[in-house]
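Notebook open. I want to look up the ligand site first, then a handful of single residues.

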Amino acid sequence: MNIGIYNKIKESLPKNVKLIAVSKTKPIEDIEKLYNIGQKSFGENKAQELSKKHETLNKDIEWHFIGHLQKNKIKYIAPFVSLIHSIDSFSLLKEVNKFATKNNRIIPCLLQFHIATEETKFGFSLEECVDMLKNQEFQSLKNIDIYGVMGMATFTDDEQQVRIEFKNLKNIFEKLKKEFFSNNENFKEISMGMTHDYKIAIEEGCTMIRIGSAIFGERDYSK
Ligand SMILES: *Cc1c(COP(=O)(O)O)cnc(C)c1O
């Protein structure tokens, strides 16, 4: 783990950009170290791992769920999650609403868009999303609140391509804001940018970056 790089990133951030420290696969001790120097927002992509870390660590940590969420795992995070970045279907959103209702709370969510060329990444197309937003049933979901959009760019060294994909997400955000969320002041977040592309994301207007390996080191998935 690299506190020096963490501090550097923090210092370089514009005031309106929030850093989510992505601690997936990393031990409690690493999270505590960062927490103790003031980092309060962490991101995880596995519901059970997130739930365990929430149990163990200080309760004033804000937990962000950033990975593909399976419906049968919502129950692990619904009681406490601060923001789900990765709503990628209407059926998932309805299910999140159901568990939010059970927990008597409103769960903040971002709509994830498929902006990369890679087929493997999840997310709505603009068309699918607009269909959902126009649906009566969407308007009846009272226990979720849409805070904005999220996307992952193609994993490439071609900066121009990454920039175009981020611009696309920003345009989607503006369009949705205008057409569907002009009365929702919570709809203001654009979550884009990871270790290798966060500088471009900031230039293209993100409000949240999700940084893992630059801070915590490479992840070891073999363990
Ligand atoms: C793992 C992950 C990140 C962080 O990736 P790094 O390249 O390690 O910074 C960000 N966003 C999502 C959705 C992730 O799954």
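**Ligand shell.** I am working from a predicted model. I listed what surrounds the ligand: Val22, Lys24, Ile66, Met150, Met152, Met194, Thr195, Arg210, Ile211, Gly212, Ser213 and Arg219. I then sorted this shell by class. The shell has 6 nonpolar, 3 polar and 3 charged residues.

**Polar side chains at the ligand.** Which side chains put a polar atom by an oxygen atom of the ligand? I noted lysine 24, with a polar side-chain atom 2.6 Å from a ligand oxygen. For threonine 195 I read 2.5 Å from a polar side-chain atom to an oxygen atom of the ligand. For arginine 219 the corresponding value is 2.8 Å, again to an oxygen atom of the ligand. Next I checked cover. On its own the ligand has 390 Å² of accessible area, and the protein covers 92% of that.

**Pocket.** Where does the ligand sit among the pockets? I found that the ligand takes the space of the largest pocket.

**Strand E2.** I looked at two residues here. Serine 41 belongs to strand E2, which spans residues 41–44. Is serine 41 buried or exposed? Its relative accessibility is 6%, so I count serine 41 as buried; the cut-off for buried is under 20%. I also paired serine 41 with valine 22. They are 19 residues apart in sequence, and their C-alpha atoms are 8.7 Å apart in space. Valine 22 is also one of the residues around the ligand.

Glutamate 44 is in strand E2 as well. Its relative accessible area is 0%, so glutamate 44 is buried. What does its side chain contact? I found a polar contact of 2.6 Å between the side chains of glutamate 44 and serine 23.

**Positive phi.** I looked for residues other than glycine with a positive phi. As background, most residues other than glycine have a negative phi. Threonine 25 has a phi near 70°. I placed threonine 25 in the loop between strand E1 (18–22) and helix H2 (28–36). At 34% relative accessibility, threonine 25 is partly exposed.

Asparagine 104 also has a positive phi, near 55°. It is in the loop that runs between helix H5 (90–102) and strand E5 (107–113). Buried or exposed? With a relative accessible area of 70%, asparagine 104 is exposed.

**Asparagine 72.** I found asparagine 72 in the loop between strand E3 (62–65) and helix H4 (74–77). Its relative accessible area is 48%, so I logged asparagine 72 as partly exposed; exposed would need over 50%. How far is asparagine 72 from alanine 47? The two are 25 residues apart in sequence and 9.8 Å apart in space, C-alpha to C-alpha.

**Valine 81.** This residue lies in the loop between H4 and strand E4 (83–87). I noted a relative accessible area of 0%, so valine 81 is buried. I paired valine 81 with glutamate 62. In sequence they are 19 residues apart; C-alpha to C-alpha they are 7.3 Å apart in space.

**Phenylalanine 155.** I located phenylalanine 155 in the loop between strand E6 (144–151) and helix H8 (159–179). Why do I log phenylalanine 155 as exposed? Its relative accessibility is 61%, and the cut-off for exposed is over 50%. I then looked up its separation from glutamate 118. The sequence separation is 37 residues, and the C-alpha separation is 8.4 Å.

**Recap.** I keep three ligand side chains on the page: lysine 24, threonine 195 and arginine 219. From the single-residue checks I keep serine 41, glutamate 44 and valine 81 as buried. Asparagine 104 and phenylalanine 155 go down as exposed. Threonine 25 and asparagine 72 are entered as partly exposed.

Key:
Residues are numbered from 1 along each chain as its sequence is written. This is a predicted model: local features need pLDDT of at least 70, side-chain atom pairs count only at pLDDT 80 or more; totals for chains, interfaces and linings use all residues. Side-chain values use heavy atoms; hydrogens and water are left out. A residue is near a molecule or strand if one of its heavy atoms lies within 4 Å of it. A polar contact is a pair of N or O atoms within 3.5 Å; within protein, one must be able to donate a hydrogen and the other to accept it, and residues adjacent in sequence count only if both atoms are side-chain atoms. Accessible areas come from the Shrake-Rupley method with a 1.4 Å probe; for residues, only the protein chains shown count as cover. On a 1 Å grid over the protein atoms alone, a cavity is a set of points where a 1.4 Å probe fits but cannot get out, and a pocket is an open set with protein on both sides within 12 Å along at least five of seven lines; lining residues have an atom within 4 Å of a point. A molecule sits in a cavity or pocket if more than half of its atoms lie within 2 Å of its grid points. Ala, Val, Leu, Ile, Met, Phe, Trp, Tyr, Cys and Pro count as nonpolar, Asp, Glu, Lys and Arg as charged, and the others, Gly among them, as polar. Helices (H or I, at least four residues) and strands (E, at least two) are DSSP runs, numbered from the N terminus. Buried means under 20% relative accessible area, exposed over 50%, partly exposed in between (1.4 Å probe, protein chains only).
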